[in-house]
Structure formats: structure tokens, C-alpha cells
Amino acid sequence: MTLDAQQLLETAVKAADSKKANNIVALDMQKVSLMADYFVIADAASPRQVQAIVNEIKDKVAEAGGIINRIEGVKASEWVLLDLGDVIVHIFATEDRDFYNLERLWGDAPYVDLQQWMIAE
């Protein structure tokens, strides 16, 4: 069974949230870019937390039957990109997220409501 874009998005968001990723957002890229249907963007306070989030996403996507096409930036853990096909996940160190500001770069893309998948604090 392959996961559709919505299932990949949900899996990635829940995994990132379970490892306390900060400021998780998803952009609906379907009318903005041919790269992917969704971008997930989150940040973490330390390289260790970035790694924990990345590892959790990898594990949960694999458990759900998804495929990770490529992972970039793991060594430095300042900006890790996970290519899940229809979903691209960006996990940043907090200061790097502020610097690159992908939300502004892709400002034409609408936000996806993620509240249904997030653990209430």
C-alpha cells in the first residue's frame, strides 16, 4: 500500500509533533509548485532535537508504508530536508529557519490546518 499525499502529510506532522518540533506548519504547494503537494516546515532548539525529529519521521513514514526518496543535511543538522515524494519536510535549527524564512519565500501557498493532528499542550 502506498501512502497518498494527505497520509504522508499527516504521518510527518504527527511524528514531528511527537518529538516536540516547534512551529510546525504545512504549505499547500499544489497550485504554487510542481515540486511537491505539501511542504512541512518546523524547527528545533538543538541539533540533537533536529536529529530526533528526523529519525521519528523516517521511522513513522516507513512503518506506514511510505518511502523516503532522499534526505539532505543530516550531518550539520541545521536544515534537514526529507523528500517523501508528494511531501517535502524541512526541519531547521531555530536560527536557520528564521534566516531562510521559507514561509515568506513561498508566500503564495496557503497554510494547511494541522490542529487535528497536533497534541494539545
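How many of the 121 residues of the chain count as buried? The share is 43%. Keep in mind, as you explore, that this is a predicted model. The chain has 4 helices and 5 strands, and the strands form an open sheet with mixed pairing. Let's walk through the whole chain, then the sheet, the helices and the charged pairs.

**The chain as a whole**

- Reading from the N terminus, you meet the elements in the order α-β-β-α-β-β-β-α-α.
- The C-alpha trace spans about 35 × 35 × 30 Å along its principal axes.
- A compact globule of 121 residues would have a radius of gyration near 14 Å, and the chain has 13 Å, so the two agree.
- Take the contacts between residues at least 6 apart in sequence: 60% of them join residues at least 24 apart.
- About 6800 Å² of the chain is exposed, and carbon and sulfur atoms supply 50% of that area.

**The sheet and its order**

- In general, strands of a sheet pair through backbone hydrogen bonds, and they can do so in parallel or antiparallel fashion.
- Across this sheet of 5 strands, the order is β1-β2-β5-β4-β3.
- At the edges sit β1 (22–28) and β3 (70–72), each of which pairs on one side only.
- On average, neighbouring strands of the sheet are turned by 10° against each other, if direction is ignored.

**Strand β5 and its neighbours**

- Strand β5 covers residues 87–93, and 7 of its 7 residues are buried.
- Which residues of β5 point which way? Val-87, Val-89, Ile-91 and Ala-93 point one way, while Ile-88, His-90 and Phe-92 point the other way, and all are buried.
- One partner of β5 is strand β2 (residues 38–44): the two run parallel and are joined by 7 bridges. Within this pairing, Val-40 stands opposite Val-89.
- Another partner is strand β4 (residues 79–83), which runs antiparallel to β5 and is joined to it by 5 bridges.
- Between β4 and β5 you can find two residue pairs to look up: Trp-79 has Phe-92 as its bridge partner, and Leu-82 stands opposite Val-89.
- The hairpin of β4 and β5 has 3 residues between the strands, and Gly-85 there takes a positive phi near 95°.

**Strands β3 and β4**

- Strand β4 has two faces: Val-80 and Leu-82 make up the covered one, whereas Trp-79, Leu-81 and Asp-83 make up the uncovered one.
- Strands β3 and β4 run antiparallel, with 3 bridges joining them.
- Here Arg-70 stands opposite Asp-83 of β4.
- This hairpin has 6 residues between its strands, and Gly-73 takes a positive phi near 90°.

**Two helices across the sheet**

- Helix α1 (residues 5–18) lies across β1, β2 and β5, and runs at about 5° to β2.
- Helix α2 (residues 47–63) lies across β2, β3, β4 and β5, and runs at about 160° to β5.

**Salt bridges**

- As a general idea, side chains of opposite charge can pair when their charged atoms come close.
- How many salt bridges does a search of the whole structure find? The search finds 6.
- In helix α1, Lys-14 and Glu-10 lie 4 residues apart, about one turn of the helix, and their side chains meet in a salt bridge of 2.7 Å, N to O.
- Both partners count as partly exposed: Lys-14 has a relative accessibility of 39%, and Glu-10 has 25%.
- Helix α2 holds a pair as well: Lys-60 and Glu-56 are 4 residues apart, which means about one helical turn separates them. Their closest N and O atoms are 4.0 Å apart in a salt bridge.
- Lys-60 is partly exposed at 32% relative accessibility, but Glu-56 is buried, because its relative accessible area of 16% is under the 20% limit for buried residues.
- The side chains of Glu-103 and Arg-97 form a salt bridge of 2.4 Å, N to O, and both residues are buried.
- Salt bridges with shared partners join Asp-43, Arg-97 and Glu-103 into one network.

Notes
Residues numbered from 1 in each chain as written. Predicted model: local features only at pLDDT ≥ 70, side-chain atom pairs only at ≥ 80, totals over all residues. Heavy atoms only, no water. Buried < 20%, exposed > 50% of the residue type's maximum accessible area, 1.4 Å probe, protein only. Pairing = 2+ DSSP bridges. Axes fitted to C-alpha atoms, helices over the stretch in contact; angles between N-to-C directions. Contact = heavy atoms within 4.5 Å. Rg over C-alpha atoms; globule rule 2.2 N^0.38 Å. Areas by Shrake-Rupley, 256 points an atom, 1.4 Å probe, with all protein chains shown as cover.
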